[in-house]
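Here's a structure to walk through together. Pull it up in your viewer and keep the sequence handy.

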Amino acid sequence: MKVLCSIFRSTKKQGMYLYVPREKGLSEIPEALMQLFGRGEHAMDLVLHEERKLAQEDIATVLLNLKEQGFHLQMPPQEDDYIQHLPPELLNRNDPV
């Protein structure tokens with residue numbers, strides 16, 4: 001299965017992207033999702049197929065969502081909270097005396 005896909009960047013949440021079939025655009029996206037997503041900014045167009053690799057998404061999941069619901073929502077990557085696990089002497093090392 002090959003799909004010519006448009007990818008839109010969210011104006012409300014950094015790292016959130018919406019994949020849609022190019023010929024449909026954002027016209028058939030549920031209103032509730034668009035309110036959360038914001039005005040979509042066109043990021044790029046891609047031809048998606050089973051052998052294509054995507055940086056942050058599983059291609060099989062994206063293709064299935066495009067087929068079944070007409071869109072795929074890529075959520076922002078979860079932010080690391082590693083800084084909270086450092087010992088206090090490292091957390092305060094650069095603080096003014």
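What follows goes from the overall layout to the strands, the cores, the pocket and a couple of loop residues.

First, a word on what you're looking at: this is a predicted model. The chain has 97 residues, and 31% of them are buried. Its secondary structure comes to 3 helices and 4 strands, and if you read along the sequence they come in the pattern β-β-α-β-α-β-α. Contacts reach well along the chain too: of those with a separation of 6 or more, 58% are between residues 24 or more positions apart.

Let's start with strand 1, which covers residues 3–9. Strand 1 has partners in both strand 2 and strand 3. With strand 3 there are 7 bridges, and the two run antiparallel; to find your place in that pairing, look for Leu 4, whose bridge partner in strand 3 is Val 47. With strand 2, residues 17–21, there are 5 bridges, again in an antiparallel arrangement. Here you can use Cys 5 as a marker, since Pro 21 is its bridge partner in strand 2. How many of the residues of strand 1 are buried? The count is 5 of 7, so strand 1 is largely enclosed by the rest of the structure.

Now for the nonpolar interior. The largest nonpolar core has 11 residues: Val 3, Cys 5, Ile 7, Tyr 19, Leu 46, Leu 48, Leu 54, Ile 59, Val 62, Leu 63 and Leu 66. The elements that give two or more residues to this core are strand 1, strand 3 (41–48) and helix 2 (59–69). Helix 2 gives the most, with 4 residues. Apart from this core lies another one, of 9 residues, including Phe 8, Leu 18, Phe 37 and Phe 71. Back in the largest core, Ile 59 is worth clicking on. Leaving out residues up to four places away in sequence, Ile 59 touches Leu 48, His 49, Glu 50, Arg 52 and Leu 54.

Next comes empty space. Rolling a probe the size of a water molecule over the atoms shows where such space is left. In this model the largest pocket holds about 200 Å³. It is lined by 14 residues, and those closest to its centre are Tyr 17, Tyr 19, Met 44, Ala 55 and Gln 74. Which strands each supply at least two residues of the lining? Strand 1, strand 2 and strand 3 do, and the largest share, 3 residues, comes from strand 3. Sorted by class, the lining has 9 nonpolar, 3 polar and 2 charged residues. Tyr 19 shows up twice on this tour, as a member of the largest nonpolar core and among the residues closest to the pocket centre.

Finally, two loop residues. Arg 52 is in the loop between strand 3 and helix 2. Is Arg 52 buried or partly exposed? Its relative accessible area is 31%, so Arg 52 counts as partly exposed. Beyond its neighbours within four places in sequence, Arg 52 is in contact with Leu 46, Val 47 and Ile 59. Its C-alpha atom is 10.0 Å from that of Lys 2, which is 50 residues away along the chain. Glu 28 sits in the loop between strand 2 and helix 1 (31–37). With a relative accessibility of 55%, Glu 28 counts as exposed. Measure out the C-alpha distance from Glu 28 to Gly 70 in your viewer and you should get 7.7 Å, for a pair 42 residues apart in sequence.

Definitions and conventions:
Residues are numbered from 1 along each chain as its sequence is written. This is a predicted model: local features need pLDDT of at least 70, side-chain atom pairs count only at pLDDT 80 or more; totals for chains, interfaces and linings use all residues. Side-chain values use heavy atoms; hydrogens and water are left out. A nonpolar core is a set of buried Ala, Val, Leu, Ile, Met, Phe, Trp, Tyr and Cys residues joined through side-chain atoms within 4.5 Å. Buried means under 20% relative accessible area, exposed over 50%, partly exposed in between (1.4 Å probe, protein chains only). Contact means heavy atoms within 4.5 Å. Two strands pair if DSSP finds at least two bridges between them. On a 1 Å grid over the protein atoms alone, a cavity is a set of points where a 1.4 Å probe fits but cannot get out, and a pocket is an open set with protein on both sides within 12 Å along at least five of seven lines; lining residues have an atom within 4 Å of a point. Grid points are joined across faces, edges and corners, and a volume is the space filled by probe spheres set on the points. Ala, Val, Leu, Ile, Met, Phe, Trp, Tyr, Cys and Pro count as nonpolar, Asp, Glu, Lys and Arg as charged, and the others, Gly among them, as polar.
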